[in-house]
Amino acid sequence: MFGAVAGQRTSRRAMVLAVFLAVAFLFLTARILVLQVFRFDKYQQKVLDQLTTESKVLAARGEILDAAGRVLATNRTVYNVSIFPNVIARAERADSLGAEIASGLAGLIEGLTEEKMHSHLSHKTELQRTVARGLEAEAANEVLRFVAERGLYDMIAVEATDARYYPYGGLAAHVLGFTGSDGQGLYGLELKYNEALSGTPGAYITARDSTGNQLPHQYEAYQPAVPGYTLQTTIDAYIQSVLEEQLEATMVESGAANRVCGIVMNVKTGAVLGMATAPSFDLNKPFTLNGYAAAELAALGLPEGSEEYRKAYNELLLESWSNKAATEIYMPGSTFKALTCSMVLEEGAVTDLNEGFFCSGALAVADRLIHCHKAGGHGSLTFTEGLQNSCNPVMMTIAARIGTDCFYQYVKAFGMLEKTGIDLPGEGGSIFHAQSSFTALDLATASFGQNFKVSVLQMITAVAAIANGGELVTPYLVERMTDAAGEVVYQHEAEVKRRVISEETAKTVATILEGGVSGDGGAKNAYVAGYRVAAKTGTSEKIGDNREARIGSCVGFAPADDPEIAVIIVVDEPTDGSRYGSVVAAPYVGNVFRAALPYLGVEAIYTAEEEGARMLTVPSLSGLTQEDAVALLQHSDFEFTFVGEGERVVSQSPAAGSSVIRAGAKIILMLGEAQPATVTVPELVGMSGTAANQRLVDLGLNVAVVGVRDFTSGGALVTKQYPSAGESVPIGTVVTLYFPYEEKRE
């Protein structure tokens with residue numbers, strides 16, 4: 001009986017145990033199934049994270065090119081230095097070894113102190129720490145020599161990496177922008193297109209044991225990086241350099257207190273060929289103040305290293321980076337009058353270009369007497385003369401004819417109330433009157449460009465609408481993007497936002513503006529022989545602490561009858577000499593056209609008057625003192641350079657009496673025993689006259705022509721040259737170009 005009961009109990013216990021084991025087995029089986037199947041990836045990654053080290057492989061940043069394929073931004077090889085604190089800490093005599101490494105690297109790497117090295121070494125559990133970035137090859141080789149001499153291969157690593165490099169230094173600095181130490185774009189196109197330029201990083205994965213030692217190579221894996229896209233911009237390096245040269249010239253000569261800026265734009269597409277602010281800065285050293293800013297900082301007299309010094313330094317640095325042409329706004333002044341005249345012509349408020357007006361010097365509007373810029377007034381003048389002579393009362397009179405609502409709608413249509421949409425970060429927006437409070441008095445002042453602000457980019461885009469026949473286009477900077485294989489992944493398509501005025505109105509305004517340049521208008525200093533330039537100048541007030549400060553500007557396009565490009569230059573607070581746009585901006589706009597139009601293949605067409613004026617005779621300067629030679633040449637059309645040392649000119653190139661083309665005419669004056677530098681005469685036969693002339697001017701040679709009266713028109717090609725191609729001649733030598741004579745039958 002007892003045995004039977006005991007057996008039953010044992011049987012039940014065995015059954016319970018079996019059930020328990022079965023349940024446990026099922027649970028464990030299910031758990032294993034979950035871990036091995038459903039959650040395998042998660043736990044596998046945890047194991048890999050504990051056993052592997054992933055080193056990021058940066059993708060090569062895409063290049064930035066100009067419109068002709070010239071490289072504006074690329075990459076160059078620099079070197080990073082890393083240490084392995086975990087390995088160093090486990091080495092024999094770790095403390096003395098750490099001190100040796102700290103002292104050795106600090107002595108080889110500029111800016112790296114022993115104190116900083118000991119801080120890096122104190123992170124003893126870390127596998128790797130970067131202690132220096134961006135070393136040049138020479139410094140990196142010194143570190144490698146130190147590593148080799150002491151056998152520190154498993155404790156110090158020198159890795160090659162890419163750093164951003166700008167071959168032209170400061171060219172187009174405010175457009176291109178720059179990158180930070182991590183390779184990320186910080187300003188300009190580098191920031192706007194950072195994602196496209198950056199590409200996709202890769203990875204190099206290595207396995208290590210629990211002590212940090214690297215496992216055999218079969219545990220390694222490599223995922224290649226995908227290079228960033230290459231950006232081809234609309235910027236033309238030649239036109240950009242011409243623009244920057246002219247901005248620098250007017251900044252120096254006008255004494256501009258608040259920088260200058262300018263833009264060159266294709267009026268038909270909106271492509272920006274050049275955009276610059278002066279002074280510029282070196283893209284390869286963006287955190288170093290330019291000369292102007294450094295002088296301004298020094299003039300403050302702040303103790304170097306003080307909080308005030310650092311604050312002033314950073315403010316000047318930020319200002320030097322600011323793209324004034326796109327981010328800042330200004331009162332356009334009289335350049336806006338071209339838009340006002342376009343409005344009234346389009347609306348039919350003026351139908352006769354010879355309609356008469358009278359300017360007494362002021363006009364009463366509401367309870368205000370608003371003056372003209374010309375004291376005493378212009379007297380009687382026509383509508384055309386009103387624009388060419390920039391008469392405020394004429395502008396106020398015609399604007400009143402269309403009224404506030406109509407005027408406001410045109411301001412909006414010309415893009416003055418919206419950003420242009422250019423592909424740059426930080427574009428500035430305008431400040432204009434609210435339509436609900438836009439009064440007749442506001443209309444009067446707005447008609448001649450006062451009491452509101454727009455960006456330089458908005459202003460040239462609006463004028464481009466006049467130049468291209470009445471359509472407002474969107475300005476842009478990136479033409480296309482290509483991948484590493486050269487395949488196009490993006491192609492810009494020109495965008496026309498809307499038609500603002502008719503082609504007829506646009507042509508009429510262009511003709512009036514051209515007459516103001518070729519005649520005696522305010523923009524006559526923008527005149528370029530052989531080209532019909534349409535332009536308007538402006539001089540506007542600045543609202544702020546300095547009520548006497550002015551902004552001088554000029555905007556124009558050419559050729560007036562079939563415009564290709566528009567140019568605008570704005571000079572903020574000129575202080576030396578004249579403050580008017582006709583002096584501080586117009587001549588430099590003309591200089592940009594003079595260089596850019598032949599380069600773009602626009603042939604000059606000279607009038608008979610221009611033809612007779614464009615040849616110069618070289619004066620005799622030998623034997624003169626430097627002072628007398630300068631006095632004779634400073635008001636001439638010749639450029640001149642002294643070579644050597646001495647009191648008197650002993651020889652000159654070209655010789656006295658030579659006839660040379662006025663454009664680019666240059667005289668080299670030798671002093672003492674100096675000899676002029678020499679250049680090789682290029683092959684010019686078969687080239688167009690314009691191209692041959694530009695080539696010679698770029699080399700510092702003068703030009704003479706035989707065979708045709710106007711070698712820049714009619715498609716004439718050079719048939720012979722003297723001296724011949726390949727000859728070495730002194731700079732300043734006259735190269736004669738021969739063209740076929742025009743045959744006339746009687």
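User: Where is Thr230 placed, and why does Thr230 count as buried or exposed in this structure?

Analyst: In this predicted model, Thr230 is placed in strand β8. Its relative accessibility is 19%. Buried means under 20% relative accessible area, so Thr230 counts as buried.

User: What makes a residue a contact of Thr230, and which residues are in contact with Thr230?

Analyst: Contact means heavy atoms within 4.5 Å. Leaving aside neighbours within four places in sequence, Thr230 is in contact with Gly62, Glu63, Leu65, Arg480, Met481 and Thr482.

User: Why is β8 said to pair with strand β18?

Analyst: Two strands pair if at least two bridges are found between them. Strand β8 (residues 230–233) is joined to β18 by 4 bridges, therefore the two strands pair. They run antiparallel, and Gln232 of the chain stands opposite Arg480 in β18.

User: What makes strand β18 largely enclosed by the rest of the structure?

Analyst: Strand β18 covers residues 478–482, and 4 of these 5 residues are buried. The strand is therefore largely enclosed by the rest of the structure.

User: How do you know that β18 also pairs with strand β19?

Analyst: The requirement is at least two bridges, and 3 bridges join β18 to strand β19 (residues 488–491), so these strands pair. Their sense is antiparallel. Thr482 stands opposite Val488 in β19. The hairpin of β18 and β19 has 5 residues between the strands, and there Gly486 takes a positive phi near 85°.

User: How are the side chains arranged along strand β12, and with which strand does β12 pair?

Analyst: The side chains of β12 (residues 356–359) alternate. Phe357 and Cys359 point to one face and are buried, whereas Gly356 and Phe358 point to the other and are not buried. Strand β12 pairs with strand β15 (residues 379–382) in the antiparallel sense over 4 bridges. Within this pair, Phe358 stands opposite Ser380 in β15.

User: Why is Thr179 called buried or exposed, given its place in a loop?

Analyst: Thr179 lies in the loop between α7 (173–176) and α8 (188–192). The cut-off for buried is under 20%, and Thr179 has 13% relative accessibility, so Thr179 counts as buried. Not counting residues up to four places away in sequence, Thr179 touches Arg61, Arg164, Tyr166, Gln184, Gly185, Leu186 and Glu190.

User: Why does Met15 count as buried or exposed, and which surface patch does Met15 help to make?

Analyst: Met15 is found in helix α1 (residues 2–38). Exposed means over 50% relative accessible area; at 56%, Met15 therefore counts as exposed. Together with Val19 and Val23, Met15 makes a nonpolar surface patch of about 290 Å².

User: What share of the protein is buried, and how many helices and strands are there?

Analyst: Of the 746 residues, 47% count as buried. The secondary structure comes to 24 helices and 33 strands. The accessible surface is about 36000 Å², and 52% of that area belongs to carbon and sulfur atoms. Among contacts between residues at least 6 apart in sequence, 71% join residues at least 24 apart.

User: What is the predictor's confidence in this protein, and where is the pLDDT below 50?

Analyst: The protein averages a pLDDT of 87, and 90% of the residues score at least 70. Over residues 741–746 the pLDDT is below 50, and this stretch has 3 contacts in the model beyond near neighbours in sequence.

Note on methods:
Residues are numbered from 1 along each chain as its sequence is written. This is a predicted model: local features need pLDDT of at least 70, side-chain atom pairs count only at pLDDT 80 or more; totals for chains, interfaces and linings use all residues. Side-chain values use heavy atoms; hydrogens and water are left out. Patches are made of residues with over 30% relative accessible area and no salt bridge: like charges are joined within 9 Å, nonpolar side chains (Val, Leu, Ile, Met, Phe, Trp, Tyr) within 5 Å. Accessible areas come from the Shrake-Rupley method with a 1.4 Å probe; for residues, only the protein chains shown count as cover. A salt bridge is a side-chain nitrogen of Lys or Arg within 4 Å of a carboxyl oxygen of Asp or Glu. Buried means under 20% relative accessible area, exposed over 50%, partly exposed in between (1.4 Å probe, protein chains only). pLDDT is the predictor's confidence in each residue, from 0 to 100.
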